[in-house]
Amino acid sequence: MRGTEPEGHGPVRFGPELPADGLPVLPDLAAVLAAAAERPEGEPVGGGRALLDAACGYWERRGTPTGPDRVVAGPGAPALLVALTAALGGDVLVPRPCAAWWAPYARLLGRPVFHVPTPAECGGVPDPYALLETVRRVRAEGGDPRLLVLSVADDPTATVAPPEVLHEAVEAAADEGLHLISDETWRDTLHAPRDTVLVGPAEMLPDRVTVVSDLAGALLPTGWPAAVARLPATAGGDDLHARVLDVLTALDARVAAPVAAAAAFALTEPEPVTTRVETAVRLHARVAAAAHGAVVAAGAFALPPRAGRHLYVDLGPLREESAARGVGDAQDLEDLLTARLGMPAPGGHRFGDDLGALRVRLSTGMLLGGTHAQRTECLTSPDPLELPHVQRALVHLKSVLDDLRDDAQRWEPPR
């Protein structure tokens with residue numbers, strides 16, 4: 001993660017990567033990738049037939065069937081978002097906060113990006129009234145808003161938008177004629193899938209929604225870049241598909257052939273893959289819940305994590321003590337917590353949040369140990385929270401946050 005100099009406080013051009021799962025590569029995936037590494041031929045731009053068919057099967061099992069002519073693959077979701085944004089044109093709307101990589105791709109194309117506040121109960125989707133007001137204001141100022149990027153299972157907030165909240169946002173976007181890109185990278189990482197209702201916007205507005213999924217969310221290691229997108233089954237979707245392929249071709253943005261083979265294997269969801277996904281999700285859910293407890297006990301605030309392997313922490317209640325330590329904004333807080341925790345703690349400004357708000361994203365993968373053996377033990381232990389190295393990491397997190405709370409109380413002036 002790139003640091004910033006004090007004089008560089010303000011809009012951040014580059015942000016942190018997706019939260020890694022911190023776990024060893026599944027041997028079955030490694031074997032598929034290794035076998036494919038012997039092939040001399042490359043993967044076609046947009047994905048070969050095996051990868052596209054596997055993606056179609058993945059979505060069909062989730063109740064949204066599609067054909068390979070409606071699917072495109074790329075070397076990670078950012079590459080697909082660059083192609084989609086270039087093809088769709090116009091100004092871009094995103095929630096505040098949002099995934100760190102959503103805004104830079106639009107800036108790269110010279111497209112204005114407008115952040116829209118989210119409702120109190122979740123991140124990832126805009127408040128519908130704020131969305132309507134933002135669109136009205138942008139158009140009044142001569143802008144051309146055409147694209148809304150959102151995420152039901154969200155990075156950075158780790159929340160899952162309730163269907164009724166999503167429906168209102170989608171309805172507002174439809175009224176304004178916006179095309180939606182639904183980032184569903186974290187869809188398969190629900191902490192309590194039996195108790196959480198996840199409905200995607202494509203199920204509500206299929207003709208105006210493109211679904212993008214970075215396979216690093218649940219199926220592949222973060223270092224193996226591959227993502228797939230499902231475009232609308234309309235004439236406009238046909239045209240969009242062709243233009244996206246044009247952009248990917250111009251960039252020569254193709255999935256590496258060994259990674260494509262591993263991605264196709266993972267998307268078919270054989271038993272070893274599904275077992276690993278379920279085990280990893282349970283592990284990160286337990287660690288996230290423990291970390292959330294430490295955050296709340298320290299007097300900070302965080303919405304309960306419902307998906308992914310991260311949580312979004314607001315240390316605003318500890319602002320007084322933080323100011324006494326020279327922390328005046330999210331960059332200062334990032335520097336302080338990264339040093340104290342010994343792990344990246346990217347500030348909220350990297351996710352489009354206000355620089356002055358004391359918010360950071362913490363990743364649970366960093367709490368699973370520093371060695372291959374420790375991380376493997378986390379996968380196999382019936383109670384990973386009782387493992388000594390996990391306990392130490394959680395105790396250290398708690399002590400750092402408790403120190404801030406206790407110091408804040410000591411600095412509190414007499415009433």
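1. Glu 164 sits in helix 6, which covers residues 163-175. Helices here are DSSP runs of H or I with at least four residues, strands are E runs of at least two, and both are numbered from the N terminus. Glu 164 is exposed because its relative accessible area is 51%; the cut-offs are under 20% for buried, over 50% for exposed, and partly exposed in between, using a 1.4 Å probe and protein chains only.

2. A word on what you are looking at. This is a predicted model, where local features need pLDDT of at least 70, side-chain atom pairs count only at pLDDT 80 or more, and totals for chains, interfaces and linings use all residues. Residues are numbered from 1 along each chain as its sequence is written, and side-chain values use heavy atoms, with hydrogens and water left out.

3. Back to Glu 164: it belongs to a patch of negative charge on the surface, together with Glu 121, Glu 168, Glu 171 and Asp 175. Patch members have over 30% relative accessible area and no salt bridge, with like charges joined within 9 Å and nonpolar side chains (Val, Leu, Ile, Met, Phe, Trp, Tyr) within 5 Å. Asp and Glu count as negative and Lys and Arg as positive, while His and the chain ends are not counted. Each charge is placed at NZ of Lys, CZ of Arg, CG of Asp or CD of Glu, and accessible areas come from the Shrake-Rupley method with a 1.4 Å probe, only the protein chains shown counting as cover for residues.

4. Now the whole protein. Its secondary structure adds up to 13 helices and nine strands. The C-alpha trace spans about 70 × 55 × 40 Å along its principal axes. For 415 residues, a compact globule would have a radius of gyration near 22 Å, and the 21 Å of this protein agrees; that radius is taken over C-alpha atoms, and the globule rule is 2.2 Å times the number of residues to the power 0.38. Of the 415 residues, 55% count as buried.

5. How many salt bridges are there? The count is 19, where a salt bridge means a side-chain nitrogen of Lys or Arg within 4 Å of a carboxyl oxygen of Asp or Glu. One of them joins the side chains of Arg 62 and Asp 188, at 3.4 Å from N to O. This pair links distant parts of the chain, 126 residues apart: Arg 62 is in the loop between helix 2 (49-60) and strand 1 (71-74), and Asp 188 is in the loop between strand 5 (179-183) and strand 6 (209-214). Arg 62 counts as partly exposed because its relative accessibility is 23%, and Asp 188 is partly exposed too, at 22%.

6. That pair also has company: Arg 61, Arg 62, Asp 188 and Glu 269 are linked in a network of salt bridges. Glu 269 lies in the loop between helix 8 (257-267) and helix 9 (271-297). Its phi is near 55°, a positive value in a residue other than glycine.

7. Another bridge stays inside one helix. Arg 136 and Glu 133 pair up with their closest N and O atoms 2.5 Å apart. Both lie in helix 5 (residues 128-140), three residues apart, about one turn of the helix. Arg 136 is partly exposed at 47% relative accessibility, and Glu 133 is partly exposed at 40%.

8. Asp 252 and Arg 254 form a salt bridge as well, with 2.7 Å between the closest N and O atoms. Asp 252 is partly exposed, with a relative accessible area of 47%, and Arg 254 is partly exposed at 36%.

9. Some backbone details deserve a look, since most residues other than glycine have a negative phi and most peptide bonds are trans. Arg 96 and Pro 97 are joined by a cis peptide bond with omega about 0°; Pro 97 is in the loop between strand 2 (91-96) and helix 4 (102-108). Asp 155 and Pro 156 are joined by a cis bond too, with omega about 25°.

10. Pro 156 lies in the loop between strand 4 (145-150) and helix 6, and Ala 158 is also in the loop between strand 4 and helix 6. Ala 158 has a positive phi, near 65°. Buried or exposed? Ala 158 is buried, because its relative accessibility is 0%.

11. Finally, Gly 347, in the loop between helix 11 (330-341) and strand 9 (359-363). Gly 347 is buried, at 0% relative accessibility. Its C-alpha atom is 5.0 Å from that of Glu 334, although the two are 13 residues apart along the chain.
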